[in-house]
Amino acid sequence: MKLSPNGVAVVCGTDAQLGALNTILQRASRNAENEGQVLVIGGSKVGQAVLRTLRANGLRATVIESDPRTRLAWHELADRGVVGTATDLEIVKGAGLEQS
């Protein structure tokens, strides 16, 4: 994930979930293949707002969302989407971060 100097990432979860996500994202940030692609965790209202902003700025985005019922709301906003939880390494790999 790449944030602008003034950007802010907002993530919620348990301490264990946040620790696992932090490890995954640190590995992903070192993967040159994913340079310029943003991973959005969650496709609800906030995630959709993020996806709209990314798209408006010409950035590619992949979304990971645990609730398959929300797919209709975000599928046109994201370049890729994966249903599952971002604390599961296999789901993150399925989101296109295999080399992380």
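Q: Is Thr-62 buried or exposed?
A: The model is a predicted one, and in it Thr-62 counts as buried, because its relative accessibility is 1%, and buried means under 20%. Thr-62 has its place in strand S2, and once residues up to four places away in sequence are set aside, it touches Gln-37, Val-38, Leu-39, Val-40, Arg-80 and Ala-95.

Q: Which elements does the protein have, and in what order do they run from the N terminus on?
A: The protein has four helices and three strands, and from the N terminus on these elements run α-β-α-β-α-β-α.

Q: How should I read the sheet, and in what order do its strands stand?
A: As a general idea, strands of a sheet pair through backbone hydrogen bonds, either parallel or antiparallel. Here the three strands form an open sheet in the order S1-S2-S3, and the pairing is parallel. S1 and S3 are the edge strands, each of them pairing on one side only, and from one strand to the next the twist averages 15°.

Q: How many bridges join S1 and S2, and which residues stand opposite each other?
A: S1 and S2 pair in the parallel sense over five bridges. Gln-37 stands opposite Arg-60 in S2, while Val-38 has Ala-61 in S2 as its bridge partner. Helix H2 packs on the sheet, where it touches S1 and S2, and the direction of H2 makes about 165° with that of S1.

Q: Why is strand S1 largely enclosed by the rest of the structure?
A: Strand S1, residues 37–41, is largely enclosed because four of its five residues are buried. Going on from S1, the chain crosses through H2 to S2, and this β-α-β crossover is right-handed.

Q: What does a residue of helix H2 touch, taking Gln-48 as the case?
A: Gln-48 is found in helix H2, and it is buried, with a relative accessible area of 12%. Not counting residues up to four places away in sequence, Gln-48 touches Gly-43, Ala-73, Trp-74 and Leu-77.

Q: And in strand S3, what is Val-82 in contact with?
A: Val-82 lies in strand S3 and is buried, its relative accessible area being 12%. Leaving aside neighbours within four places in sequence, Val-82 is in contact with Val-63, Ile-64, Glu-65, Trp-74, Ile-91, Gly-94 and Ala-95. For one of these partners there is also a backbone distance to consider: the C-alpha atoms of Val-82 and Gly-94, which are twelve residues apart along the chain, are separated by 7.0 Å.

Q: How many salt bridges does a search of the whole structure find?
A: The general idea is that side chains of opposite charge can pair when their charged atoms come close. In this structure the search finds two salt bridges. In one of them Arg-55 pairs with Asp-79, the closest N and O atoms being 4.0 Å apart. That pair links distant parts of the chain, 24 residues apart, since Arg-55 sits in helix H2 (residues 45–56) and Asp-79 in the loop between helix H3 (71–74) and strand S3 (80–83). Arg-69 forms a salt bridge with Asp-67, and there the closest N and O atoms are 2.9 Å apart.

Q: Where do the residues of these salt bridges stand on the scale from buried to exposed?
A: Arg-55 counts as partly exposed at 42% relative accessibility, and Asp-79 is likewise partly exposed, with a relative accessible area of 45%. Arg-69, at 72% relative accessibility, counts as exposed.

Q: How far is Leu-59 from Asp-79, in sequence and in space?
A: Leu-59 and Asp-79 are 20 residues apart in sequence and 9.5 Å apart in space, taken from C-alpha to C-alpha. Leu-59 is found in the loop between H2 and strand S2 (60–65), and it is partly exposed, with a relative accessible area of 39%.

Q: What can be said of the protein as a whole, in terms of burial, contacts and exposed area?
A: Of the 100 residues in the protein, buried residues make up 32%. Among contacts between residues at least 6 apart in sequence, 36% join residues at least 24 apart. The protein exposes about 6,400 Å², of which carbon and sulfur atoms supply 52%.

How values were computed. Residues are numbered from 1 along each chain as its sequence is written. This is a predicted model: local features need pLDDT of at least 70, side-chain atom pairs count only at pLDDT 80 or more; totals for chains, interfaces and linings use all residues. Side-chain values use heavy atoms; hydrogens and water are left out. A salt bridge is a side-chain nitrogen of Lys or Arg within 4 Å of a carboxyl oxygen of Asp or Glu. Helices (H or I, at least four residues) and strands (E, at least two) are DSSP runs, numbered from the N terminus. Buried means under 20% relative accessible area, exposed over 50%, partly exposed in between (1.4 Å probe, protein chains only). Contact means heavy atoms within 4.5 Å. Accessible areas come from the Shrake-Rupley method with a 1.4 Å probe; for residues, only the protein chains shown count as cover. Two strands pair if DSSP finds at least two bridges between them. A crossover is right-handed if, with the strands pointing away from the viewer, the path from the first strand over the helix to the second runs clockwise. Axes are lines fitted to C-alpha atoms, for helices over the stretch in contact, and angles run from 0 to 180 degrees between N-to-C directions.
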